[in-house]
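Me: I would like to go through the ligand site of this model step by step, and then look at its backbone.

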Amino acid sequence: MLAPSVRHLVFQRDDGEVLAFLPGQFVQVHFHYPDGTPTKRSYSIATSDGRPQDADSPVEIAVSYVTGGAATALFESLSVGDRIEASGPFGRFCLMPPDRNARYLLVATGTGVTPYRAMLPQLEALHAERGVEVVLLFGARSPQELLYGDEFIAFAESRPWFRFVPCYSREAAAPPRPDDRRGYVQDALAEFAPDAERDIAYLCGNPNMVDAAFEVLKVAGLPVPHIRREKYVSSK
Ligand SMILES: Cc1cc2nc3c(=O)[nH]c(=O)nc-3n(C[C@H](O)[C@H](O)[C@H](O)COP(=O)(O)OP(=O)(O)OC[C@H]3O[C@@H](n4cnc5c(N)ncnc54)[C@H](O)[C@@H]3O)c2cc1C
């Protein structure tokens, strides 16, 4: 468990094929409702090992359990070694190496942070290549819900070009770290002075947060192609 209701799950393909995904992409999990109707749900790939994918590579996801959720029931019922059906990779919520921005503003709530975990090796390479800087703003209700928080904190501590800014909407960390903030993640954006010349922003997770942060960035002057969005809407 990454948080009281969020579980990290690791899968491996069992058909000998390679899941050649780009960081930021997602998989779809296929299953059936109790009445036999087929359905599917999307999950961002969290795998962050930076190695070229091969047939044995892990496919990691973080699932937020919701009360009464159909996929939630499927994941809760799984035991080690069980199989599920999935397809992918899908999506275009990816870093685009031809971009020439000096800084990335990465914004997430909840499991919306998982694409950024997958992007860490690529961000490191982009920093080495052209000195790009990164600010990751992560909205969580409390420190207990700071998914992969230890990993992001350790990553930021050894890289001055990468800032990790947890924004707690319900309670502050005790004792707070210098980059901890109180309140909603979209309200913390102004402090980082979004700039059309310098920044490209990625927004991922709760649709209300994505819409609110999109408005903040647009008002700050970021052109729409510089604001990339992935909304975690239910695909029922
Ligand atoms: C591109 C994309 C990527 C996604 N990536 C992830 C991911 O990495 N991890 C992840 O956990 N989810 C992710 N989602 C959301 C995921 O696909 C499911 O919608 C979610 O897991 C709920 O599925 P469920 O079948 O358990 O609930 P459902 O049966 O779909 O919903 C049951 C009830 O819960 C409500 N509900 C659904 N989602 C939430 C929520 N988040 N909070 C509160 N109530 C909710 C519904 O309105 C409904 O009333 C992603 C969605 C998209 C579109």
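Me: Which element gives the most residues to the shell around the ligand?
Reply: This is a predicted model, in which local features need pLDDT of at least 70, side-chain atom pairs count only at pLDDT 80 or more, and totals for chains, interfaces and linings use all residues. Residues are numbered from 1 along each chain as its sequence is written, and side-chain values use heavy atoms, with hydrogens and water left out. The elements, helices (H or I, at least four residues) and strands (E, at least two), are DSSP runs numbered from the N terminus. Those that give two or more residues to the shell include β4 (58–64), α1 (70–77) and β11 (227–231), but the most, 4 residues, come from β3.

Me: How many residues of the shell around the ligand are charged?
Reply: A residue is near the ligand if one of its heavy atoms lies within 4 Å of it, and 21 residues are around the ligand, with Arg 41 and Ser 42 among those that come nearest. Asp, Glu, Lys and Arg count as charged, Ala, Val, Leu, Ile, Met, Phe, Trp, Tyr, Cys and Pro as nonpolar, and the others, Gly among them, as polar. The shell then divides into 9 nonpolar and 8 polar residues, and the charged ones number 4.

Me: Which residue has a side-chain N or O atom 2.8 Å from an oxygen atom of the ligand?
Reply: A polar contact here is a pair of N or O atoms within 3.5 Å. A backbone N or O atom of Ala 62 lies 2.8 Å from a nitrogen atom of the ligand, and a polar backbone atom of Ala 70 is 3.0 Å from a ligand oxygen. The side-chain atom 2.8 Å from an oxygen of the ligand belongs to Tyr 43.

Me: Which residues does the cis peptide bond join?
Reply: Most peptide bonds are trans. In this model, strand β5 (residues 85–90) contains Pro 89. With omega about 0°, the cis bond joins Gly 88 and Pro 89.

Me: What is the phi of Tyr 148?
Reply: Most residues other than glycine have a negative phi. Tyr 148 lies in the loop between β7 (133–140) and α3 (149–157), and its phi is positive, near 60°.

Methods:
Polar contact = N/O pair within 3.5 Å; in protein donor to acceptor, adjacent residues only side chain to side chain.
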